[in-house]
Amino acid sequence: MKSKNIRTYSSNKKLVSERREQIIKCAIRLFNKKGFDGTSMRDIAAACKMTSANLYNYISEKEDIIRLIMK
């Protein structure tokens, strides 16, 4: 997998790190339960108790979550 920077709209690095950790934890639970293809960004946002729009402030696509997990 090619390394790429994951876009964020926040300049607060601590907040981005905290939110991404939360997103990763929620996504892993959902991926284990529903599979990668069966899990939507909306599902991940709901599990994280945030809106889809807010989720997209920290990542731009579901594949970014896989990149974060692999780091």
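This is a short walk through the fold, the cysteines and a few individual residues of the chain shown above.

Okay, before anything else, keep in mind that this is a predicted model. Let's start with the overall layout. We've got four helices and zero strands, and reading along the sequence the pattern is simply α-α-α-α. The radius of gyration comes out at 11 Å, close to the 11 Å that the globule rule gives for 71 residues, so the chain is as compact as a globular protein of that length. If you lay the C-alpha trace along its principal axes, it spans about 30 × 30 × 15 Å.

What about the contacts? Among those with a separation of 6 or more, 61% are between residues 24 or more positions apart. As for burial, 32% of the 71 residues count as buried. The chain exposes about 4,900 Å², and carbon and sulfur atoms supply 50% of that. On charge, there are 16 positive side chains and 7 negative ones, with the centres of the two sets 4 Å apart.

Now, helix α4, which runs over residues 62-70. Which of its residues are buried? They are K62, D64, I65, R67 and L68. Remember that an α-helix has 3.6 residues a turn, so residues three or four places apart point the same way. Have a look at the buried set on your screens with that in mind. The cover over the buried residues of α4 includes α1, residues 13-34, and α2, residues 41-47.

Next, the cysteines, and here I'd like to slow down a bit. How many disulfides does the structure hold? Zero. Why is C26 not bonded to C48? The closest cysteine sulfur to that of C26 is the one in C48, and at 3.2 Å it is too far for a bond, because a disulfide here needs the two sulfur atoms within 2.5 Å. Coming from the other side, C48 is in no disulfide either, and its nearest cysteine sulfur is that of C26. Are these two buried or exposed? C26 counts as buried at 5% relative accessibility, and C48 counts as buried too, at 3%.

Right beside C48 in the numbering we get to K49, which sits in the loop between α2 and α3, with α3 being residues 52-55. Most residues other than glycine have a negative phi. K49, though, has a positive phi, near 60°. The residue is exposed, with a relative accessible area of 77%.

Let me finish with two residues that reach across the sequence. F36 lies in the loop between α1 and α2. Is F36 buried, exposed or something in between? It is partly exposed, with a relative accessible area of 27%. Leaving aside residues up to four places away in sequence, F36 touches F31, K62, E63 and I66. Take E63 from that list: F36 and E63 are 27 residues apart in sequence, and their C-alpha atoms are 9.4 Å apart in space. Another name there is K62, which you'll recall as one of the buried residues of α4.

The second one is R19, in helix α1. R19 is also partly exposed, with a relative accessible area of 28%. What does R19 touch, not counting residues up to four places away in sequence? M50 and Y58. And if you want a C-alpha distance to check on the display, try R19 to N54: they are 35 residues apart along the chain and separated by 10.0 Å.

So, to recap: four helices, zero strands, zero disulfides, and a positive phi at K49. That's it from me, happy to rotate the model while we talk.

Definitions and conventions: Residues numbered from 1 in each chain as written. Predicted model: local features only at pLDDT ≥ 70, side-chain atom pairs only at ≥ 80, totals over all residues. Heavy atoms only, no water. Buried < 20%, exposed > 50% of the residue type's maximum accessible area, 1.4 Å probe, protein only. Helix = DSSP H or I, 4+ residues; strand = E, 2+ residues; numbered from the N terminus. Contact = heavy atoms within 4.5 Å. Rg over C-alpha atoms; globule rule 2.2 N^0.38 Å. Areas by Shrake-Rupley, 256 points an atom, 1.4 Å probe, with all protein chains shown as cover. Lys, Arg positive; Asp, Glu negative; His and termini not counted. Charge placed at Lys NZ, Arg CZ, Asp CG, Glu CD.
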